Structures are given as structure tokens and as C-alpha cells.
Amino acid sequence: MELIEKEIARLKEERRAVILAHYYVPDDVQRVADYVGDSFYLSKKAKETDAQTIVFAGVRFMGESAKILNPQKRVLMPDSTADCPMAHMVTAKAVEDMRRQYDDLAVVCYVNSTAEIKTHSDVCVTSSNAVHIVKKLPQRNIFFIPDKNLGHYVSTQVPEKHILCNDGYCPRHNGVRPDVVRACKEQHPKALFLVHPECPEEVLALADYIGSTAGIIEYAGKAGADEFIIGTEDGVMYELTKRYPEKTFYSVMEGRVCEDMKKVTLEKVLQCLRDGTGEITVSDEVREKALRSLDRMLELAE
Ligand code: 13P
Ligand code: SF4
């Protein structure tokens, strides 16, 4: 173990801290984490933990959700400027305008959103449970925010609902083009194409499997294939190659890294554990309202 990893382990014990990390943060940060997972898994872990301090190696909406679910805990982010641009691609006004147009409307909010937007929503979802939760809602009209691509994917899976999509998108996944996927498939004809639902519909149409980061990793283990083309951020390669060293993975998003996730370095993890920097705060008013939509997700995801 390197010196910095030893120091992180020592401080973690001293501060009674737990490190949660998303699959997109750099490999060495994933290596020191207690739990690594997709957004849904990490929000469950944030809710369950009995640690005093949560170090959230991810982007801001993840740290905020952990704080909302766990107000009595200290939530630290190694880099509090690490943010998801899509989280800011919908306004409260757009939500309230839509509410005025439909009596029977559920506002379904992808967790990649600000705490403030969650206060205007009825239920949160992640890419791993969006279809399941939307199916269970009593309302027929759904306003899906902020991601148009995940919203469109849900609408194909739940045709009985009338789903209106906001026009936000992930700048990394939305830029994947179908011709790039086709070229990659031609180069690797035996490979299955596993993709994240934040990609555009023309890309999803070429998929063998569509799911969250954790879903993609699980599927690669179960599928009877040895080669895979991966349609999500390259951070997942660390877990894929660790779990399945005998299989081969090609990235369709090579170079399309999530720069914000990559701001989370090992040095910053050490710094926030040592100095208590990057603490996330959420006002009581926002917290109480946003908690309802996060709790509803945890309840409906069962
Ligand atoms: P997952 O919930 O699939 O991990 O996705 C989070 C994310 O930000 C994808 O870009
Ligand atoms: Fe946001 Fe896209 Fe980064 Fe995910 S990959 S955190 S959606 S910018």
C-alpha cells in the first residue's frame, strides 16, 4: 500500500468515516473507497451508514443527496466544485409551468439534479430504477427532468404513460454518435454493446443491454460473451477489468471523460479527511422538501 493510501486508512478510522465512490472517479480513488457503486447504490449506502462522516467521492448532487438523507452526519466532498452540468439544465419555473397545465401530473426527477429542483419534484429516480418507479406511479402524465435521453428511454419502456421530457442532457453521453458505435461494432463483431440510457435514442437502438453503470457491470458478468463495447464513461473500466480479467472491453466513449468526476483525486480525499474541508450544507427548508422525493424513490424502488 502506498503512503497516501495508508494515511487515508488511518484518518478514516480516526474520524470514523466511510468513503463512498462513484464508478467514474479515478481508479486510485475507487481503490481506497469502502463502497463503490452507481447513484442508487450509493444513496442507499449513505442512508444506511452508521459512520460519523461520509466522504463522497463523486459530484455535487451525490454529496447533497447524502446530506439530505443523513442530516446528522458530516458529508465531505474531496472537491466541492465537482458538479454535474446536467443537474442545472432545468428550472423551477419550467416545473411549475408544467404543473399548471396538467391536474394529473407527477414530476419525476433524475437524481442528477440540484437539491432545490428536488424540492419541486414528486419523486426522484436513478437510471437503475426509473422504469420501475414510473410504472408504479398513479399519475398518467409524467414530467421527466432534467435528462431528455433517460426520459425518452423510460417512455419507450412504459408506453401506457404520457411522458413529457425536459431538454437537459449529459454533455458526455449525449455526444456519442451512432456511426461511431457502428464502426466499433464492425471492428469487434463478436462484442455486445452495453450502454447507459443517458445516450441518445439512436445509440440506444444499437444496444444489446441498456442500464446504469452498476447494471452494465453486472450484465457483463452474466452475459455469455467474452467481448463488450462499453457505452459509458471510462471509469467503469476499472471495475470491469478487475471483476472479469478474462474478458475484453472496448470503450465507445474513449476520451469523453466526465471532467468533474476526475477532479476527485486521492490527494483531495486525504485533504478533506485530514482538514474537514468540502463540507456540504443544505438548508433545513430545502432538506425537508427534497427528502420527500428521495425517500419516495427509496420506498418505490423496492
Ligand atoms: P449511474 O446511476 O448509472 O451510476 O449514473 C450516474 C451518472 O452520472 C451517469 O452519467
Ligand atoms: Fe453528469 Fe454526465 Fe458526469 Fe454523469 S457523466 S456526472 S451525467 S456530466
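Where does ligand 2 lie, given the residues of its shell? Domain 1 (84-168 + 284-299) and domain 2 (172-256) both give residues to that shell, so ligand 2 lies between them. The model is predicted.

**Domains**

The protein is divided into domain 1 (84-168 + 284-299) and domain 2 (172-256). Their C-alpha centres lie 26 Å apart. Eight residues of domain 1 and 14 residues of domain 2 make the contact. On the domain 1 side, the touching residues are two nonpolar, five polar and one charged.

**Ligand shells**

Ligand 2 has 14 residues around it, and C84, M86, C170, R172 and C258 come nearest. Ligand 1 is surrounded by D38, S39, N112, T126, S127, C170, H196, E198, S212 and T213. C170 is thus named for ligand 1 and also for ligand 2. The shell around ligand 1 also draws on both domains, with at least three residues from each of domain 1 and domain 2.

The table sets out the classes of residue in each shell.

| Shell | Nonpolar | Polar | Charged |
|---|---|---|---|
| Ligand 1 | one residue | seven residues | two residues |
| Ligand 2 | eight residues | two residues | four residues |

**An open parallel sheet**

Four strands form an open sheet in the order 6-5-7-8, and the pairing is parallel. Which strands sit at the edge? Strand 6 (123-125) and strand 8 (162-165) do, and each pairs on one side only. Neighbouring strands are turned by 30 degrees against each other on average, direction ignored.

Strands of a sheet pair through backbone hydrogen bonds, either parallel or antiparallel. Here, strand 5 (residues 105-110) and strand 7 (residues 141-145) run parallel and are joined by five bridges. Within strand 7, F144 stands opposite V108. Strand 5 also pairs with strand 6, over three bridges and again in the parallel sense. C109 has C124 of strand 6 as its bridge partner.

Is strand 5 mostly covered or mostly open? Strand 5 is mostly covered, with five of its six residues buried.

**Helices on the sheet**

Helix 8 (residues 148-157) packs on the sheet and touches strand 5, strand 7 and strand 8. The direction of helix 8 makes about 170 degrees with that of strand 8. Which residues of helix 8 are buried? They are K148, N149, L150, G151, Y153 and V154. An α-helix has 3.6 residues a turn, so residues three or four places apart point the same way. The buried residues of helix 8 pack against strand 5, strand 7 and strand 8. Their other partners are helix 7 (130-136), helix 10 (201-204) and strand 10 (209-210).

Helix 14 (residues 284-300) lies across strand 5 and strand 6. Helix 14 runs at about 60 degrees to strand 6.

Notes. Residues are numbered from 1 along each chain as its sequence is written. Chains are lettered from A and ligands numbered from 1 in the order in which they are written. This is a predicted model: local features need pLDDT of at least 70, side-chain atom pairs count only at pLDDT 80 or more; totals for chains, interfaces and linings use all residues. A residue is near a molecule or strand if its C-beta atom, placed from the backbone, lies within 6 Å of it. Ala, Val, Leu, Ile, Met, Phe, Trp, Tyr, Cys and Pro count as nonpolar, Asp, Glu, Lys and Arg as charged, and the others, Gly among them, as polar. Domain bounds come from an automatic or database domain assignment. Two strands pair if DSSP finds at least two bridges between them. Helices (H or I, at least four residues) and strands (E, at least two) are DSSP runs, numbered from the N terminus. Axes are lines fitted to C-alpha atoms, for helices over the stretch in contact, and angles run from 0 to 180 degrees between N-to-C directions. Two residues are in contact if their C-beta atoms, placed from the backbone, lie within 7 Å. A residue is buried if 20 or more other C-beta atoms lie within 10 Å of its own, exposed if 12 or fewer, and partly exposed in between; C-beta atoms are placed from the backbone.
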